[in-house]
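Got your viewer open? Here is a walk through the model, one selection at a time.

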Amino acid sequence: MRFQRLPSIGAGVMILARVAAVAAALLTGGLAFALAGFDVPELAGAVISASLGTAFGLEDLGLLATPLILTGLAAAVCLRIGLWNIGGEGQFYAGAIIASLVGLQLQGPPALMLPLMALAGFAGGMAWILLPALARAYLAIDEIITTLLLNFVAVLLVNYLCTGPMRDPHQAVTAASAHVPYEIPAMIDDLHLGLAVAVLLVVLAALALGRTGWGFEVRVAGANRHAANYAGMGVRRRLLQTMLLSGGIAGLAGMLEVAGTVHRLQGGISNNYGYLGIIVAVLAGGAPIAVLPAAALMALLLNGGIVLQSYGVSSYDVLALTGLVLLFIAVGEQLAYYRPAARPAIAPKPAPPLEHAR
Amino acid sequence: MNGRLPRRDLLTLAGLSAGGLVLPRGIAPARAAGLFPPVAEDKAVIAMGYVGPTSDEGWSFSHRQGLLAVKAAYPKARYLEVETIPYSADATRTFRQFVAQGANIVFLNSEYGDLLHAVSDKAKGVAWMECDGHSLGPNRGWFYVKHWQPSYVTGVAAGLMSKTGKLGYVGSMPVPTVFSGVNAFLMGARSVRPDATMQVILINSWFDPQAAAQAGTALIDNGCDLLFGVMDEAAYLQVAEKRGVPAVMWNTDVRRYGPKSYVSSIVLDWTKFYVGQAGARLDGTWQAGQQVLLGMGEGVDRDAWGESVPEPVRRQADAVRTRMLGGWNPFVGEIKDIDGKVRVAKGETMSDMDMYGCSWPMAGVSGLKVG
């Protein structure tokens with residue numbers, strides 16, 4: 001049996017591959033849990049009913065999906081121009097820092113303060129990616145390394161601020177800033193408006209990238225930088241704009257987390273959302289609108305993990321199960337490009353040796 | 001003599017209440033009783049959230065031992081356990097999960113503050129007990145141990161065993177447990193060796209074996225010849241063993257990771273406390289607003305001395321321990337902080353609540369600032 005690789009596949013095939021991959025991963029994981037003595041149907045039922053079967057579970061999913069949508073969108077936007085923003089984590093923290101500073105230092109009505117904090121968070125994320133963006137645009141320095149390394153700087157900066165100048169001395173076991181008094185209003189019960197903001201941003205980004213001249217230039221620059229340059233598209237400027245937009249979106253995620261759920265600046269507030277966002281973007285194939293289902297799936301996996309833990313599954317097994325799902329999806333995505341060849345594929349004729357021109 | 005102390009025998013519920021079960025004014029027990037009616041054992045759901053992995057052989061492990069005792073006492077109840085709960089929105093999610101699954105009482109082995117209150121303020125019928133917590137509510141209380149007492153006792157041993165008088169401390173963050181632990185240990189050491197000093201390295205985590213091992217190495221490289229710390233696990237003991245330096249640990253008996261270095265441990269036993277709390281919740285007598293500090297001999301103590309602790313050192317430190325068990329408070333002024341400011345005037349003593357909320361390192365400490 002031979003297989004051939006197709007140059008492109010339809011969205012239906014891709015979706016089928018994803019679903020099959022998730023099913024295969026859960027079956028594999030379920031088998032392992034069954035061997036370890038767990039009642040797998042009970043566990044599966046618990047995860048589904050706790051995450052999708054109750055208003056409470058759906059709210060939790062929404063809360064978890066909010067930052068994932070934004071960090072996923074941040075990475076996806078950069079992917080459109082062919083760049084990897086690995087620094088979502090750092091930009092998230094930078095956004096959280098600036099937004100908390102604004103919330104703690106300034107006073108005003110929440111209707112003014114919350115948009116101001118959002119702008120501050122966006123600006124913080126932009127500031128954190130500025131250096132990698134300039135280095136990429138003018139010096140062609142690999143953005144993967146620079147954005148990644150700045151994550152560690154951001155974590156250390158947060159830890160410094162929380163144990164030093166911004167520390168709330170009334171915290172007993174962890175270092176955190178004082179309580180930020182401005183809270184994002186709730187949409188439904190515990191689910192704050194941040195989810196609506198995130199979804200709106202996805203739609204706006206999808207429209208900007210898909211339906212405007214600017215978005216066209218970004219995509220052309222992503223597909224072939226030289227062609228874009230040749231067409232006079234101002235690649236350098238598009239590169240800078242896209243990276244700054246990406247950083248800003250991740251920074252906004254940091255602001256939403258401060259003003260929406262945690263209400264303090266503290267180490268660990270990012271919960272790895274920056275890194276998980278990269279996975280979300282990859283699952284979405286870099287398409288902004290596909291970030292929504294990808295983030296929802298990721299949120300379901302992570303939330304399911306918490307449910308599983310309360311049933312006695314160790315946190316490490318949960319992590320392994322999450323990894324298994326993502327691995328299967330990545331493999332499934334590649335396999336989707338192959339189909340059994342109807343007949344033995346014709347081997348390409350070896351090219352005739354080039355004759356040296358004299 | 002190397003026998004373990006009869007901690008469990010000392011630990012009675014009577015002792016527990018004598019040891020510091022305080023009901024603050026304003027939270028009427030009668031009101032609480034209405035909120036928390038009795039629950040049949042086979043209908044009860046008891047939840048425990050751990051800040052670290054329960055396999056840490058330290059902090060979270062010790063709390064799990066407590067929960068296992070509850071399981072043994074009330075085998076028909078349903079139990080929910082989640083480990084490694086981070087200080088992020090994941091904590092809130094986990095607590096909501098406990099509520100959704102019908103928990104009657106939830107124990108948390110760390111302070112989660114706002115992340116908890118976001119859930120507990122809405123889940124009024126659920127009883128919440130927060131370890132090392134600092135706020136109370138109509139369905140919430142906190143509990144902790146007077147770890148400064150055995151820290152003082154082991155500090156006496158450290159002062160006698162150190163040759164240079166330079167002690168090292170592997171700490172987490174600038175929080176009260178670190179300040180009071182450092183101060184009590186150094187006060188104990190200075191009671192027998194007035195020139196003792198203590199260098200602190202904070203690693204910004206309660207569970208990071210690699211960073212703890214690096215901090216331990218750095219302290220020994222700087223000339224410290226005895227280590228103390230407050231880690232959830234035993235990494236710096238292994239460093240101490242390799243470098244031939246004695247070490248005082250926390251949480252559990254971890255001497256197998258460094259039998260020669262092991263001096264003792266601020267050893268924890270939550271079993272009586274957790275069994276008592278769960279029992280009270282089941283029979284409808286659980287009260288909100290409890291502030292429980294378990295004293296030496298009631299839930300915290302020094303561990304049996306390590307093999308390398310000389311007999312005279314054991315005798316001298318244990319004599320101090322006996323005095324303290326008899327009610328003597330060694331935390332007496334004058335005590336100056338690291339900036340030279342007098343914090344406790346001559347003749348004044350530091351109460352348990354002073355120690356519990358301590359926010360300053362005493363003179364002789366380096367590597368910490370006034371919080």
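Which residues of the largest nonpolar core touch the most other members? Select Leu73(A), Val280(A), Val291(A), Met298(A) and Tyr236(B): those are the ones, out of 226 residues in that core. Keep in mind as you click around that this is a predicted model. Now colour α3(A), since the largest share of the core, 14 residues, comes from there.

Stay with one of those residues for a moment. Show Val291(A) and its surroundings: leaving out residues up to four places away in sequence, Val291(A) touches Ile69(A), Gly72(A), Leu73(A), Ala76(A), Val202(A), Val280(A), Ala281(A) and Ala284(A). As a general backdrop, nonpolar side chains tend to be buried together in soluble globular proteins.

**Where the chains meet**

Next, show both chains and pick out the residues in contact between them: 33 residues of chain A meet 33 residues of chain B. On the chain A side, the elements that give two or more residues are α3, α6 (143–163), α10 and α12 (291–310). Highlight α12(A), which gives the most, with 5 residues. Colour the chain A side by class and you get 12 nonpolar, 18 polar and 3 charged residues.

**A helix in chain A**

Select residues 213–223 of chain A, which is helix α8. Which of its residues are buried? Glu217(A), Val218(A), Ala221(A) and Gly222(A) are. They end up on the same side of α8(A) because they cover an arc of only 135° around the axis. Turn to the face pointing away from that buried side, and you'll find Gly213(A) and Ala223(A) exposed. To see what lies over the buried residues, add α3 (55–80), α7 (194–211), α9 (225–230) and α10 (235–262) of chain A, which are among the elements covering them.

**A helix in chain B**

Now jump to chain B and select 209–221, helix α9. With 13 residues, α9(B) reaches 18 Å from its first C-alpha to its last, close to the 18 Å expected at 1.5 Å a residue. Buried here are Ala212(B), Ala213(B), Ala215(B), Gly216(B), Leu219(B) and Ile220(B). Their arc around the axis is only 160°, which puts them on the same side of α9(B). Rotate to the face turned away from the buried side, where Gln210(B) and Asp221(B) are exposed. The cover over the buried residues of α9(B) includes the strands β6 (166–171), β7 (197–202) and β8 (226–229), along with helix α10 (235–243), of chain B. Just after α9(B), stop at Gly223(B), where phi is positive at about 105°.

**The domains**

Finish by colouring each chain by domain. Chain B splits into domain 1 (7–146 + 269–294) and domain 2 (148–267 + 301–366). Their centres, taken over C-alpha atoms, are 28 Å apart. In chain B, 15 residues of domain 1 and 16 residues of domain 2 make the contact. On the domain 1 side, helix α4 (residues 59–73) of chain B gives the largest share, 4 residues. That side has 5 nonpolar, 5 polar and 5 charged residues.

For chain A, select domain 1 (9–38 + 313–339) and domain 2 (68–311). Here 27 Å separate the centres, again over C-alpha atoms. How many residues of each domain are in contact? Chain A has 7 residues of domain 1 meeting 7 residues of domain 2. The domain 1 side of that contact in chain A is made up of 5 nonpolar and 2 polar residues, with no charged ones.

How values were computed:
Residues are numbered from 1 along each chain as its sequence is written. Chains are lettered from A and ligands numbered from 1 in the order in which they are written. This is a predicted model: local features need pLDDT of at least 70, side-chain atom pairs count only at pLDDT 80 or more; totals for chains, interfaces and linings use all residues. A residue is buried if 20 or more other C-beta atoms lie within 10 Å of its own, exposed if 12 or fewer, and partly exposed in between; C-beta atoms are placed from the backbone. The arc is that of the directions from the helix axis to the C-beta atoms. Two residues are in contact if their C-beta atoms, placed from the backbone, lie within 7 Å. Domain bounds come from an automatic or database domain assignment. Ala, Val, Leu, Ile, Met, Phe, Trp, Tyr, Cys and Pro count as nonpolar, Asp, Glu, Lys and Arg as charged, and the others, Gly among them, as polar. A nonpolar core is a set of buried Ala, Val, Leu, Ile, Met, Phe, Trp, Tyr and Cys residues joined through C-beta atoms within 7 Å. The expected span of a helix is 1.5 Å times one less than its number of residues.
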